[in-house]
2 protein chains.
Amino acid sequence: MSGEFPVDQILRGECIETMKTLPDGSVDCIFADPPYNLQLRGELRRPDETVVDGVDDDWDKFADYATYDNFTRDWLREARRILHKDGTIWVIGSYHNVFRLGAIMQDLGFWILNDIVWRKSNPMPNFRGRRFTNAHETLIWAARGPQSKYRFNYQAMKALNDDLQMRSDWYLPLCTGNERLKNEHGLKLHPTQKPESLLHRVLVASTNANDVVLDPFCGSGTTPAMAKRLGRHYIAIERHPDYVKAARERVAREERLTSEQLATTPARREMPRIPFGSFVETGVLPAGTVLYDRQKRLKATVTPDGTLVSGNQRGSIHKLGAGLTGAPSCNGWTFWYFERDGQFVQIDILRQESQALRNVG
Amino acid sequence: MSGEFPVDQILRGECIETMKTLPDGSVDCIFADPPYNLQLRGELRRPDETVVDGVDDDWDKFADYATYDNFTRDWLREARRILHKDGTIWVIGSYHNVFRLGAIMQDLGFWILNDIVWRKSNPMPNFRGRRFTNAHETLIWAARGPQSKYRFNYQAMKALNDDLQMRSDWYLPLCTGNERLKNEHGLKLHPTQKPESLLHRVLVASTNANDVVLDPFCGSGTTPAMAKRLGRHYIAIERHPDYVKAARERVAREERLTSEQLATTPARREMPRIPFGSFVETGVLPAGTVLYDRQKRLKATVTPDGTLVSGNQRGSIHKLGAGLTGAPSCNGWTFWYFERDGQFVQIDILRQESQALRNVG
DNA sequence: CAGGGCCTTGAATCTGTCG
DNA sequence: CCGACAGATTCAAGGCCCT
């Protein structure tokens, strides 16, 4: 990145205007918590709104939605320009605005990957008993486009959920207690401060250490604070000087975890590749060894170049597994078994053992 | 209602065309399960190489967003005309289409009351590990307009939820087993049959006995079947003759409950399950914390994804405990200890104390 | 007949790298 | 940009069979 690039800073300024100063494709991930209603709220409470039927084209309402849509389209377009081609964006909203956000994101070319439901453990009850308790907010997670090679730390998310796939519904508490920033009167500093746990999951799921994360609506600074703690870089934009000051102080108090503490479960597809042939060469699984499928219904012989032979078929561990079963593809490492010390074991164990040895050194 | 009014019938015909024959303000509630516009790209296989039977029906294919939006606007406009001024509408969708649905509903003058998350207890996993498990669908519940005196059976919902306010996130299973209609080959009749429990809650929440419920996308007939069972009237519209036939037969088999039987059924009890990772995210036991075994002979560090690291070994609290001691298995909750307020305490105490996380379901 | 094991299935935008 | 190929990847239920 150029020396001009304002990394690890909280910038005071208008969201769109400030984004315009950042170069194309310069951030890896965006987290945005845009204003929910703007003018819509005032309109909702208007006392003279007693028209019952027919006036569906209430120009006032239309104007309000249009204003919100225009603002949304403008900042999202700018965000998309700044986002790396393989980057992802998170946008959070409630039913007041999230449908407009999502539709505009799709129109601009973002490719939605998931909608995530943040289920609040402690939502405010519905006092008047006229609706269901509004107990969740929605996050839209999207790649820059359908072709983006986006990052998703699948194994880390699985680990975080007791070794089950992380689902699209997340159960997390609101930001309360000591985590909630207070002003000089002891009142909450910001009306919608997001919990650190939410940003923790977002950042661990979709970024790597040293990635650059942009938050165009920084507010109380949960995004830069968690980015710093988790060893990510950040750029945050905030209009209100009080929030800028509070966020900067908050981030200054934060400490970066050491790289050892930051290490999460690695993605298997990013582990160093070990050719099957290396086990043949080193004599761990010498040429002539017979491999079987799990049910011992298929059998193949290891050859000196690391291919397998079965009848008149020959190929890599993957190709032969696919060929013999008629499947379009096959992971040979988990398909084939051999006998060792009287035990019937998957050949993948060799890879696992050799990776464990590497970690020692 | 006029004698012409086709109450308690399943009409065969195009959705919009058929709605045009119904009078203004003639139905009390609408439940709509429109095409989702999934845009599936190719064949998907499970890890065991079996093929997933996806939705490849013609009715779910649209050329582009604009085409889908036009269709959506047309049927929603007609639906709004038919809906009583104090009526409500339910529309279900997934992230593929729900943002467009919601934005168009707002544009047409509908007043959103809640967005409801149907959390699936048994969703299909994400087989390639590239996204979060898509474990929910969204229902938008809206009144005809901001001034509608809509119906919401607050007490019935509260009773259904163990005397707590019903929240906006509902935990219900998919429609499987004997409830799922089969064709003559024993395969699922309809690709997207909705569970009866979902319609049960929708109708009990937002309609009274003898109300008229419209379903413009009847499909396999869950709406009319549940309307009849719950003593509501229905009008259903379906294009495909096979679905019309099956739905009519299904409804004929259905019996109206007596008013005594209409008493609500108890809510499904949700099993608490607290992943260790949730304590890491929420900062109760932040990444970097050091854990020890009871004798303080072993030691491990908490990482951001909720796994533990000790030397070159990594794993869940259970796996690492087993790995370090050479035991075949280990209960990590009782094996690991940490220091808190100068005390040396078992991590299991966090689970016991965690009232806030009790309701995880 | 109770319980365990095996098989099936569900609205799904489902790969990455190297040559 | 395209083709080849290595190889990563699943959870909860329900039904049915067997012991």
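In this predicted model, the side chains of Arg119(A) and Asp169(B) form a salt bridge, with N and O 2.6 Å apart. This pair belongs to the boundary between the two protein chains, across which six salt bridges are found. Strand β4 of chain A, residues 111–120, is the element that contributes most to the side of chain A touching chain B, and it supplies nine residues.

**The interface between the chains**

The contact between the chains involves 86 residues of chain A and 86 residues of chain B. Interface size is often expressed as the accessible area that is lost when the parts come together. For chain A and chain B, the buried area is about 7,300 Å². Carbon and sulfur atoms account for 49% of this area. Polar contacts between chain A and chain B number 37 residue pairs, counted where both residues have pLDDT 80 or more. The composition of the chain A side is 46 nonpolar, 22 polar and 18 charged residues.

**Organisation of chain A**

Chain A is assigned two domains: domain 1 covers 9–45 + 56–268, and domain 2 covers 271–360. The C-alpha centres of these two domains of chain A are 45 Å apart.

Over all chains, the structure contains 43 salt bridges. One of them joins Arg100(A) to Asp69(A), with a closest N to O distance of 2.7 Å. Arg100(A) is part of helix α4 (residues 98–108) and Asp69(A) is part of helix α3 (residues 59–82), both of chain A, so this pair links parts that stand 31 residues apart in sequence.

**Surroundings of DNA strand C**

DNA strand C is surrounded by 38 residues. The closest are Arg46(B), Tyr95(B), Arg128(B), Arg130(B) and Arg131(B). By class, the surface near this strand comprises 18 nonpolar, seven polar and 13 charged residues. Of the atoms of DNA strand C within 4 Å of the protein, 48% are sugar or phosphate atoms, and the rest belong to bases.

Individual approaches to strand C involve both protein chains. A polar backbone atom of Ile112(A) is 3.0 Å from a base nitrogen of DNA strand C, and a backbone N or O atom of Pro125(B) is 3.5 Å from a base nitrogen of that strand. The side chain of Arg41(B), by contrast, places an N or O atom 3.4 Å from a phosphate oxygen of DNA strand C.

**Surroundings of DNA strand D**

Around DNA strand D there are 29 residues, of which Tyr154(A), Lys158(A), Arg268(A), His318(A) and Arg351(A) come nearest. The surface near DNA strand D consists of eight nonpolar, twelve polar and nine charged residues. Sugar or phosphate supplies 62% of the atoms of DNA strand D within 4 Å of the protein, and bases supply the rest.

The table lists polar side-chain atoms and their distances from a phosphate oxygen of DNA strand D.

| Residue | Group on DNA strand D | Distance |
|---|---|---|
| His318(A) | phosphate oxygen | 2.5 Å |
| Asn178(B) | phosphate oxygen | 2.9 Å |
| Trp333(A) | phosphate oxygen | 3.3 Å |

Two elements of chain A, α5 (154–160) and α11 (317–325), each give two or more residues to the surface near DNA strand D. The largest share is that of α5(A), with three residues.

Note on methods: Residues numbered from 1 in each chain as written. Chains lettered and ligands numbered in written order. Predicted model: local features only at pLDDT ≥ 70, side-chain atom pairs only at ≥ 80, totals over all residues. Heavy atoms only, no water. Contact = heavy atoms within 4.5 Å. Buried area = accessible area lost by both parts, 1.4 Å probe. Salt bridge = Lys/Arg side-chain N within 4 Å of Asp/Glu carboxyl O. Polar contact = N/O pair within 3.5 Å; in protein donor to acceptor, adjacent residues only side chain to side chain. Helix = DSSP H or I, 4+ residues; strand = E, 2+ residues; numbered from the N terminus. Nonpolar A, V, L, I, M, F, W, Y, C, P; charged D, E, K, R; others polar. Domains from an automatic or database assignment. Near = heavy atom within 4 Å.
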